[in-house]
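Me: I'd like to learn how to read a fold from its strands and helices. Could you walk me through one?

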Amino acid sequence: MSEIAVKLPPSKPFFSVVIPVHNKVDHLESSLACVYAQTFSDFEIIAVDDCSTDGSLEILREHEKAGKLRLYRRSEPGPGGYAARNLGVRKARAEWIVFFDADDIMHDDHLMVFHDAISENGRLDFFCNNYVMRVGSKVVGKNKGISSGVYNKLDGLTFFAQNDFVHMNSASIRRRLIEKLGGFPEGRYKRGGDVYFWVKLLADIEAFYYSDMVTSEWLLDNSFVTKNPDNLTVHPLADFIKTERPRLDEMCDIQLRRIINRKIIAWATEKRLQGRGCYHDFPHVSLKGLGYENMLRLLLLSMPLSIYHGAITMKRTWRA
């Protein structure tokens with residue numbers, strides 16, 4: 001265990017870093033260490049054990065005894081860790097919430113970048129830093145061409161229609177906004193509930209701040225929720241408009257439907273590559289905001305499996 005101790009602030013901290021943990025024993029120590037190494041020190045750590053059985057709970061208890069974090073436990077594991085995150089928010093003392101997955105990397109300036117941006121744009125409730133996805137030794141930059149600055153609702157929806165520019169580790173959110181949105185969707189989705197929450201947030205806020213500084217890394221190889229094929233159903237966003245009934249102007253509504261189409265088709269593609277059917281996904285695709293490229297993807301997905309795999313192989317050959 002790291003010898004570096006983070007003392008819990010006697011007064012209300014600036015940030016509450018919420019970390020859900022379910023069977024992360026192989027990565028937990030290193031992930032906690034990078035939180036302890038933050039150059040901005042006015043924060044508390046709230047760890048929520050989600051019924052771990054691999055020794056993660058014992059590690060968390062040792063860190064709690066050392067005064068490094070506050071530990072809470074859930075009696076039943078929640079799919080995707082969404083209920084654990086909501087519990088962490090309820091226990092938080094800070095006005096600003098930062099989420100962090102227990103198998104990823106936080107750079108030592110992560111909280112400092114947030115703090116500086118919040119200090120300059122205190123009227124806003126949502127801040128987002130750039131991040132990268134690491135797959136083995138390959139690093140993929142997620143957000144290209146988005147400069148640091150304040151953006152409006154349409155900007156945020158447009159960015160997300162193109163790419164998941166927000167990640168669980170890359171956001172700082174005022175607690176009252178999380179409470180207003182009702183937190184993450186508990187008990188409904190094993191995967192994709194975080195995307196549902198980000199889209200709900202972007203459809204609600206009027207403005208937010210984005211920093212193009214990369215301050216966290218999503219280690220995809222460690223993401224068992226994403227890699228588990230049993231978690232791949234119809235994307236949660238399929239029911240978003242019916243459930244949430246967002247009030248958006250025409251331009252924002254088009255971007256929202258582009259987001260939904262992109263995610264549904266992406267999951268359908270994953271299923272197809274696994275040799276599974278995806279026809280149940282098609283009725284949830286909206287013609288509004290579909291676009292030429294996604295229309296071609298739908299046509300390709302509707303082909304027999306042998307033809308589909310042949311077309312994918314040919315496409316990869318052309319790119320090579």
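Me: Which handedness does the β-α-β unit of strand 2, helix 2 and strand 3 have?

Reply: Place yourself so that the strands point away from you and follow the path over the helix; clockwise means right-handed. In this predicted model, strand 2, helix 2 (residues 56–65) and strand 3 form a right-handed unit.

Me: And how many bridges join strand 2 to strand 3?

Reply: Four bridges link strand 2 to strand 3 (residues 70–73), and the two run parallel. For a spot to click on, take Val 48, which stands opposite Tyr 72 of strand 3.

Me: In what sense do strand 1 and strand 2 pair?

Reply: Strand 1 (residues 15–21) pairs with strand 2 in the parallel sense, over seven bridges. Try Val 18 here: its bridge partner in strand 2 is Ile 46. Between these strands the chain passes through helix 1 (residues 28–36), and this β-α-β crossover is right-handed.

Me: Are the residues of strand 2 buried or exposed?

Reply: Use the cut-off of under 20% relative accessible area for buried. By that test, seven of the seven residues in strand 2 (residues 43–49) are buried. Look at both sides: Phe 43, Ile 45, Ala 47 and Asp 49 point one way, while Glu 44, Ile 46 and Val 48 point the other, and all are buried.

Me: Which residues are buried in helix 1, and what covers them?

Reply: In helix 1, Leu 28, Ser 31, Leu 32, Cys 34, Val 35 and Tyr 36 are buried. Their cover includes strand 1, strand 2, helix 2 and strand 5 (105–106).

How values were computed
Residues are numbered from 1 along each chain as its sequence is written. This is a predicted model: local features need pLDDT of at least 70, side-chain atom pairs count only at pLDDT 80 or more; totals for chains, interfaces and linings use all residues. Side-chain values use heavy atoms; hydrogens and water are left out. Buried means under 20% relative accessible area, exposed over 50%, partly exposed in between (1.4 Å probe, protein chains only). Two strands pair if DSSP finds at least two bridges between them. Contact means heavy atoms within 4.5 Å.
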